[in-house]
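Student: Please take me through one small part of this model up close, starting with a charged pair and working outwards. I'd like the cut-offs for the terms as they come up.

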Amino acid sequence: MHASHPEVIARLKRARGHLASVIQMIEADRPCVDLAQQLHAVEKAIANAKRELIQDHIDHCLDEGIATTSRAVLEEFKEMSKYL
């Protein structure tokens with residue numbers, strides 16, 4: 001497990017909680033502005049988790065890989081950058 005994985009898990013659990021709130025809010029017929037605010041929180045939590053995961057990969061996995069095979073590392077970086 002990478003050092004950042006516990007933080008990524010925490011962020012994803014936060015997103016799951018926000019998403020559950022959105023579902024409950026829709027069922028309770030809450031105002032659309034409240035729903036939009038909660039959905040924004042879901043998106044932000046997921047985006048932060050993705051950023052943390054990718055940054056950790058760049059900082060550690062790719063950095064370690066440069067010492068061995070730079071072409072393979074470059075290809076992996078290109079693949080990861082699609083998700084930024």
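Tutor: Start with aspartate 34, which forms a salt bridge with arginine 30, their closest N and O atoms lying 3.2 Å apart. The term is used here for a side-chain nitrogen of Lys or Arg within 4 Å of a carboxyl oxygen of Asp or Glu. Side chains of opposite charge can pair when their charged atoms come close. Keep in mind that this is a predicted model, in which local features need pLDDT of at least 70 and side-chain atom pairs count only at pLDDT 80 or more, while totals for chains, interfaces and linings use all residues. Residues are numbered from 1 along each chain as its sequence is written, and side-chain values use heavy atoms, with hydrogens and water left out.

How covered up is arginine 30? Its relative accessible area is 39%, so arginine 30 counts as partly exposed. For that scale, buried means under 20% relative accessible area, exposed means over 50%, and partly exposed is anything in between (1.4 Å probe, protein chains only).

Arginine 30 also turns up on the contact list of leucine 35, along with Val22, Met25 and Ile26, once residues up to four places away in sequence are left out. A contact here is heavy atoms within 4.5 Å. Leucine 35 sits in helix α2, and helices, like strands, are DSSP runs numbered from the N terminus (H or I and at least four residues for a helix, E and at least two for a strand). With just 13% relative accessibility, leucine 35 counts as buried. Leucine 35 and valine 22 are 13 residues apart in sequence, yet their C-alpha atoms are 6.0 Å apart.

Now for the other charged pair, as the whole structure has two salt bridges. Arginine 11 pairs with glutamate 7, the closest N and O atoms being 3.1 Å apart. Why does this pair fit along one helix? Arginine 11 and glutamate 7 are four residues apart in helix α1, so about one helical turn separates them. The two partners differ in cover: arginine 11 is buried at 16% relative accessibility, whereas glutamate 7 is partly exposed at 33%. Beyond its sequence neighbours (up to four places away), arginine 11 touches Ala45, Asn48, Ala49 and Glu52.

Isoleucine 46 is in helix α2, which runs over residues 32-66. At 43% relative accessibility, isoleucine 46 is partly exposed. Its C-alpha atom is 9.4 Å from that of lysine 13, although their positions lie 33 residues apart in the chain count.

Leucine 19 belongs to helix α1, residues 5-27, and is partly exposed at 40% relative accessible area. Together with Ile23 and Leu39, Leu19 makes a nonpolar surface patch of about 250 Å² accessible area. Patches take residues with over 30% relative accessible area and no salt bridge, joining like charges within 9 Å and nonpolar side chains (Val, Leu, Ile, Met, Phe, Trp, Tyr) within 5 Å.

Stepping back, the protein has three helices and zero strands. Of its 84 residues, 24% count as buried. Among contacts with a separation of 6 or more, 52% come from residues 24 or more positions apart.

Terms used:
Areas by Shrake-Rupley, 256 points an atom, 1.4 Å probe, with all protein chains shown as cover.
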